Amino acid sequence: MRPLPRDLLPLALVTPWAVWAGLRATGTERGFPGVPAISFTPYAAASSVLPLGIALARRSRPATALAAVATGALTTAVLGRRGTLATPTGPRPLRLATVNLLHGRADAAGVVALVRDHDLDVLALQEVTPEAEAGLRGAGIGDLLPHDHVLQARPGNPPGAGGAVWSRHPVLARGAVPGRFDQPWVRLAVPGGPDVEVTAVHAQPPDRSRRAVARWVEDLDALPDPGPDVVRVLAGDYNATLDHAGFRALLARGYVDAARAAGQGLSTTWTPQRAPHPQLTIDHVLVDRRVGVRSVRVRRVLGSDHRAVVAELTLPAATD
């Protein structure tokens, strides 16, 4: 049956939202600009009521049905991340935060205050420059977290490509996860708990080109899987949201998004410094399924366009 003339305009208007909902539901966004665009699914969900209202006003049954399905699918995708997920309860607490320093511009004293205020055991940092490292040391981070692994940018990378992990607990081993940026990992000896491997994640932004998207995929694929030999925590700037199929595939390898588990999956972590929008959730703390999540908080850091993600975790009992 061919649509009536009054159906054509509302059907045309709802089609972009329907396509968006289909891509999000099936996880088939690919390449550029599909991958960066899918980040804005919350905005697509909020605006999907517009074509639905037009379809209702025009009394177009096919357009109303299509718009209702699109609105329902998009809204479900967004609101589904706010629910809590059951995680195990372990005897050993671990307080951890991740912060992107915005090319080292974040206020060093503010970062150290974050460590002190939340009594952190571990701090994972991205976009660490030599000046930022010096500022943090001058602000006294070593007094609170005496063990560290700092990787400054490799030759050919911008100065802000460095990364670091600071820890209250001794470092047993250290290394780097391959990727576009420098991503240090440390294996920590946690008293009363198992060894914990923490990686400061910083994935290539999937923007501007197909090559950037391909590098982003490579960076996510290179992150280590959970394993029985060590408890793994991946904390940092993934440049990815729960709307990305690539990020959900990483979770499916055996990780839990701590913010979603704590009912904070809608808390945004990135906003441009000179504009109120977009607001996206691209910084995450991922834990393997043996780790419990007590709480997650998002905190502003002066000088950065990223907010800190502070997670209070519990570790399983140590095994001999």
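Let's start with a term: a residue is called buried under 20% relative accessible area, exposed over 50%, and partly exposed in between, using a 1.4 Å probe and protein chains only. One more: helices (H or I, at least four residues) and strands (E, at least two) are DSSP runs, numbered from the N terminus.

The model is predicted, so local features need pLDDT of at least 70 and side-chain atom pairs count only at pLDDT 80 or more, while totals for chains, interfaces and linings use all residues. Residues are numbered from 1 along each chain as its sequence is written, and side-chain values use heavy atoms, with hydrogens and water left out.

**Exercise 1. Work out whether strand β4 is enclosed or open, and say why.**

Step 1: Find β4 at residues 162-167.
Step 2: Check its residues against the cut-off; 6 of the 6 are buried, so the strand is largely enclosed by the rest of the structure.
Step 3: Look at the two faces separately. One side has G162, A164 and W166, the other has G163, V165 and S167, and all of these are buried, so both faces are covered.

**Exercise 2. Find the strands that pair with β4, and give the sense of each pairing.**

Step 1: Recall the rule that two strands pair if DSSP finds at least two bridges between them. In general, strands of a sheet pair through backbone hydrogen bonds, either parallel or antiparallel.
Step 2: Take β2 (residues 122-128), which is joined to β4 by 6 bridges and runs antiparallel to it. Here Q126 sits opposite G163 of β4.
Step 3: Now take β3, which pairs with β4 over 5 bridges, again in the antiparallel sense. Opposite A164 of β4 you'll find V150.

**Exercise 3. Put the strands of the sheet in order and pick out the edges.**

Step 1: Walk across the open sheet: its 6 strands come in the order β3-β4-β2-β1-β12-β11, with mixed pairing.
Step 2: Stop at the edges, β3 (147-151) and β11 (292-299). Each has a single partner strand, so one side of each is left without a neighbour in the sheet.
Step 3: Add the twist: neighbouring strands of this sheet are turned by 15 degrees against each other on average, direction ignored. Axes for such angles are lines fitted to C-alpha atoms, for helices over the stretch in contact, and angles run from 0 to 180 degrees between N-to-C directions.
Step 4: Check the β11 edge. 7 bridges join β11 to β12 (residues 308-315), and the two run antiparallel; V293 stands opposite L313 of β12.

**Exercise 4. Count the aromatic pairs and classify each.**

Step 1: Set the rule. Rings of Phe, Tyr and Trp (its six-membered ring) pair if their centres lie within 6.5 Å; planes under 30 degrees apart count as stacked, over 60 as edge-to-face and the rest as tilted.
Step 2: Count with this rule, and you get 2 aromatic pairs.
Step 3: Take F40 and Y43: the ring centres are 6.4 Å apart and the planes stand at 55 degrees, so this pair is tilted.
Step 4: Take Y238 and F247: centres 5.4 Å apart and planes at 75 degrees, so this one is edge-to-face.
Step 5: Add the accessibility. F40 is partly exposed at 31% and Y43 is partly exposed at 32%, whereas Y238 is buried at 0% and F247 is buried at 0%.
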